[in-house]
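Thanks for coming, everyone. I would like to walk through one model this morning, going from the annotated domain to the ligand and then to a few details of the backbone.

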Amino acid sequence: MMQDKHYQGKLIVLMGATGGIGQALAKRLAESGATLLLVARNVQRLALLQRTLPGQHHCCATDLTSAEGRAKIFSMIPPRQPLDSVIFTAGVNEFRWLEEQSPDTVSQLMMTNLTSVILLTQLILPAVKAHKAQLVYIGSTYGVIGYPGFSTYCASKFGLRGFAQALGRELGNEGVVVKYVAPRATDTSLNDAAIRQLLQQTGSHLDSPETVAQQVMLALRAKRNEWFIGWPEKLFVWLNQLFPSLVSRAIRKQWSTIRHCAETPRVV
Ligand SMILES: NC(=O)c1ccc[n+]([C@@H]2O[C@H](COP(=O)([O-])OP(=O)(O)OC[C@H]3O[C@@H](n4cnc5c(N)ncnc54)[C@H](OP(=O)(O)O)[C@@H]3O)[C@@H](O)[C@H]2O)c1
């Protein structure tokens, strides 16, 4: 991949940098010439990633869900280096019927995928406004389509989409662009054996993290605020908004398969 003049000397904050999608995106952004602030909890994985990337980058090993963690991320954004984008890629998933999810799991998922993202955005907003940087939220097709077994995950991603849309309109006159990028199923460790079984049995496509990273690179430079990845998911997104009962009917046909996969025992 070629260096891109646009990114020379600019900083991009990448949350969830060590994940499947995060790593593929970090590689692309680093190759384009951006300086990265790589954020995730696991310090060894961050250091390993940093070593494999071309260029000089910063690491911030911290937990997004704690106030101290968010303050640490904010403190590591250098005030003078031009800030191009903040990309929120960190996330967790849970595939179980709601009555089988523990209250702690529900709270933790909402905290990681939504609440802490909102709180961190609030904290860094002065820097984002000062640099007219863009905010990019990695959502999901499940941020538009409610799917059985993913009620909590869907709630977090629907919430994220609403947040991004409203914030984009709030900041529209201040030169800050807000984007929501929605991948479909992607081949990363976010998807456990039960989800993989479901994807296989429903004939769903699994994108590579590199394909998603390539799409995010396009979304970063595009004018569109919402960017959905993959056919026929894009069609289902559109259908679900206009004719949700049609999508409900299609999902009802898969119900037993989904229920069976959601009941698969997991190794904790
Ligand atoms: N994979 C898919 O099928 C798929 C489909 C649609 C959308 N997405 C979305 O794409 C994003 C990336 O997913 P992925 O597949 O790349 O997931 P992944 O491989 O599991 O990576 C998740 C990343 O988030 C970090 N993270 C998790 N909790 C954190 C916390 N509390 N504080 C700081 N960092 C945290 C992880 O690092 P540490 O564990 O070291 O903290 C890791 O870097 C997520 O928002 C996901 O919802 C994924």
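Which residues does UniProt list for "domain: Ketoreductase"? The entry, which is unreviewed, gives residues 10-196 for that domain, and I should say straight away that what we have on screen is a predicted model. Over residues 10-196 the chain is 46% helix and 17% strand, and the C-alpha atoms at the two ends of that stretch are 38 Å apart.

Let me turn to the ligand. In this model 31 residues surround the ligand, and the closest of them are Thr 18, Arg 41, Tyr 153, Thr 186 and Thr 188. If we sort the shell by residue type, we find ten nonpolar, 16 polar and five charged residues. Two helices, α1 (20-32) and α5 (151-171), each supply at least two residues of that shell.

As for individual polar contacts, a polar side-chain atom of Thr 188 lies 2.5 Å from an oxygen atom of the ligand, while for Thr 186 it is a polar backbone atom that is found 2.8 Å from a ligand oxygen. The backbone also takes part at Gly 16, where a polar atom is 3.3 Å from an oxygen of the ligand. How much of the ligand's exposed area does the protein bury? Taken alone, the ligand exposes 890 Å², and the protein buries 93% of that.

Next, a piece of the fold. Strand β2, residues 35-40, runs parallel to strand β3, residues 58-61, and four bridges join the two. Within this pairing, Leu 38 stands opposite Cys 59 in β3. Together with helix α2, residues 43-52, these two strands make a β-α-β unit, and that unit is right-handed.

Finally, there are two backbone details that I would ask you to look at on the screen. The peptide bond from Trp 231 to Pro 232 is cis, with omega near 5 degrees, and Pro 232 has its place in the loop between β7 (226-228) and α8 (233-242). The other is Lys 132, which is not a glycine and yet has a positive phi, near 50 degrees; Lys 132 is found in the loop that lies between α4 (103-131) and β5 (134-138).

How values were computed. Residues numbered from 1 in each chain as written. Predicted model: local features only at pLDDT ≥ 70, side-chain atom pairs only at ≥ 80, totals over all residues. Heavy atoms only, no water. Near = heavy atom within 4 Å. Polar contact = N/O pair within 3.5 Å; in protein donor to acceptor, adjacent residues only side chain to side chain. Areas by Shrake-Rupley, 256 points an atom, 1.4 Å probe, with all protein chains shown as cover. Nonpolar A, V, L, I, M, F, W, Y, C, P; charged D, E, K, R; others polar. UniProt positions renumbered as here; feature names shortened; annotations may be inferred. Pairing = 2+ DSSP bridges. Right-handed = clockwise from strand over helix to strand, strands pointing away.
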